[in-house]
Every structure is written in C-alpha cells, then in structure tokens.
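Here is a quick walk through one protein model, meant to be read with the structure open beside you. Have a look at the fold, then follow along.

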Amino acid sequence: MPYTDNYERDIYGIIAFWVQNNYDHGRFFDREISHHEMELARANQHMIQRLGTVFEKTKSKTADPSKLIDEAQHATREFQSLLVYTLDKSLRCDVIISTPQSLLDHMIREAEETVSVFKLLQSGNRVSPADATIHENYFWLRQMADHLSYISHYLDTSNYELHDQVRNMTKKFENLFLQANALRTMIRHPRKEITPALNAFNQMVIKETKALEAFKLELDDLIKQCAAVTTSPPDLLEHVAREAHHLWRNLEDQVIL
Ligand SMILES: [Fe+2]
Ligand SMILES: [Fe+2]
C-alpha cells in the first residue's frame, strides 16, 4: 500500500503533517482552475511552490523548528487569504473554477486550524485531555463527513454500489459530528477530566475513524490503478486517509497537534 502516514510525532513530523496538508490542497486546486483564470492559477502556483519548499525543509529535519513554524505560518496565512478571496468570488459567480464552494471552505478551515496548531506549538501551552478530545472531535468529524461528500462528488455516477456505501458512511459521520457538537456544549468548562460519556464517544469515534481510514485506503488503491471511474486527483484519497489517521491518533493520545 502506498500510504505513508507513519510520521513521527516529533516537532518536524507535526509541522510536516500540516504543511503537506495545505501543499496538497494547492495541488488539488491547481487542477480545477479554468484557463480563463490565469492570474488565479499563477497565484496558486506560487503558493504551491512556497508550501513545497517549506515541506522539503521540514522533511530534511535540519532547519530550526521555531523558524520553520514562522515560515510555515506565513505561507499558510497567505494561502488561506487566496482561498477566502476565491470563495468570495465564487459565491458571487465571479470566477471559473470547478471546485465546490464547500470544498474551498473545507480547505480554509484546515488552513485556519493549521495556524492555530502552530500558535499552540509556539506558546508551549498544554491542553487538557478533555478539552483536546472535544476539540478534535468537533473539528475533524465535520471534515470526515465532508470527505465522504467529496468522494461522491468525484466518483462517477456509474459506481452505484460505491455511492450507496459512501452515503451510509456520510450519514454515520454526520451523526457523529452532531454528537460531538452536543458534547461540546454539554460538557462545560472547566473540563477537569474525561467523563465516562466522553470516553465512550471517543472510543466509538476511534473505531469508526479507523474503519473510514481503511475504506479510504482501499479506494486509494483502486484510483491509483485507474480501476475506479472517478475524476478524483490520484492522491486525494491518500490525503483524506492521512487526516482520518491523524484524528484517531490524536484521540488516542488525547492531544491537539
Ligand atoms: Fe486536507
Ligand atoms: Fe480534509
């Protein structure tokens, strides 16, 4: 299997996860910009280049981590602004791209989360296990449900069985997201410990997210062999599998990273 999310959770590994996330978004978006939008294509290309350079530096594990975070944060903020500007134009039907508006918003939210994780790393603050798992569930379960919608978006309609399977999983993750949202307000601050209800929910999310990761990786294999009829970017499924892995691992470790 080509999947490589065995990243070490040292400072470089954490920075690399987030930088690669935004770098991949830039590459995926690049495929969906019309040739009528040369300026946007060029601005996005510039972002891919910048994020790619930071990603390479991160992988080499030689640069000073605090300088790397600074650089990664600047590049991510700039990319986030480009996406926000494009989404605004898209909502006014003023740009020719094939990326759905909610997918732009999805990428914007991940860019924003990137910046807040970098700030957390810079501050050296620790988040309590209850706060961390409530945050991770609330942020990532929406992203997981979104991923399933985008898998549908790219899958050709001729994949009837697969569409049914994806629809069922979407419903499951939408429900999990609603429950995460309910727990987020029911379990109020200060959250001194992981209550039994929160623990049971975390365990359920870990189990379902591991299954979702496995499903994404199976589909990733098919897409890479061109054996599934889809217009998905070839490594999109690997990207979203990595995010599923990230969620269940953070829940197991009870951290935001
Ligand atoms: Fe992503
Ligand atoms: Fe995502």
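Does Lys61 count as buried, partly exposed or exposed, and how many C-beta neighbours does Lys61 have inside 10 Å? Keep in mind as you look that this is a predicted model. Lys61 has 15 C-beta neighbours inside 10 Å, so it counts as partly exposed, falling between the 20 or more needed for buried and the 12 or fewer that mark exposed. You'll find Lys61 in the loop between α2 and α3. Its phi is positive, about 55°, although Lys61 is not a glycine.

Cys93 is another one to click on. Its phi is also positive, near 55°, and again the residue is something other than glycine. Cys93 sits in the loop between α3 and α4, and it is exposed, with 7 other C-beta atoms within 10 Å.

One more backbone detail: the peptide bond running from His189 to Pro190 is cis, with omega near -10°. Look for Pro190 in the loop between α6 and α7.

**The overall picture**

Now zoom out. The protein is built from eight helices and zero strands. Its radius of gyration is 18 Å, close to the 18 Å that the globule rule gives for 257 residues, so the protein is as compact as a globular protein of that length. Along the principal axes, the C-alpha trace spans about 55 × 50 × 40 Å. Buried residues account for 35% of the 257 residues. Of the contacts between residues at least 6 apart in sequence, 75% join residues at least 24 apart.

**Two helix pairs**

Two packed pairs are worth setting side by side.

| Pair | Packing angle | Axis separation | Contact residues |
|---|---|---|---|
| α1 and α2 | about 155° | 9 Å | 11 nonpolar, seven polar, three charged |
| α7 and α8 | about 160° | 8 Å | 13 nonpolar, three polar, six charged |

Start with α1 (residues 11–30) and α2 (residues 38–60), which pack at about 155°. That angle makes α1 roughly antiparallel to α2, and α1 passes α2 in a left-handed crossing. On the α1 side, the residues that meet α2 include Tyr12, Ile15, Val19, Tyr23 and Phe29. Among their counterparts in α2 are Met47, Ile48, Leu51, Val54 and Phe55. The contact isn't purely greasy, though: Arg27 and Asp30 of α1 take part, along with Lys59 of α2.

Over at the other end of the chain, α7 and α8 (residues 236–253) pack at about 160°, and they are therefore roughly antiparallel to each other. Here, too, the crossing is left-handed. From α7, the contact draws on residues including Val205, Ile206, Leu212, Leu217 and Ile223. Those from α8 include Val240, Ala244, Leu247, Trp248 and Leu251. Among the charged participants are Lys210, Glu213, Lys216 and Asp220 of α7, plus Glu238 and Glu252 of α8.

**A buried spot in α3**

Last stop: Ile69, in helix α3. Ile69 is buried, with 23 other C-beta atoms within 10 Å. Leaving aside neighbours within four places in sequence, its contacts are Ile15, Phe118, Leu121 and Gln122. Ile15 has come up before, as one of the α1 residues that meet α2. For a sense of scale, try the distance from Ile69 to Phe201: they are 132 residues apart in sequence and 33 Å apart in space, C-alpha to C-alpha.

How values were computed:
Residues numbered from 1 in each chain as written. Chains lettered and ligands numbered in written order. Predicted model: local features only at pLDDT ≥ 70, side-chain atom pairs only at ≥ 80, totals over all residues. Helix = DSSP H or I, 4+ residues; strand = E, 2+ residues; numbered from the N terminus. Rg over C-alpha atoms; globule rule 2.2 N^0.38 Å. Contact = placed C-beta atoms within 7 Å. Axes fitted to C-alpha atoms, helices over the stretch in contact; angles between N-to-C directions. Parallel < 35°, antiparallel > 145°, perpendicular 65-115°, else oblique. Left-handed = near helix turned anticlockwise from the far one by under 90°.
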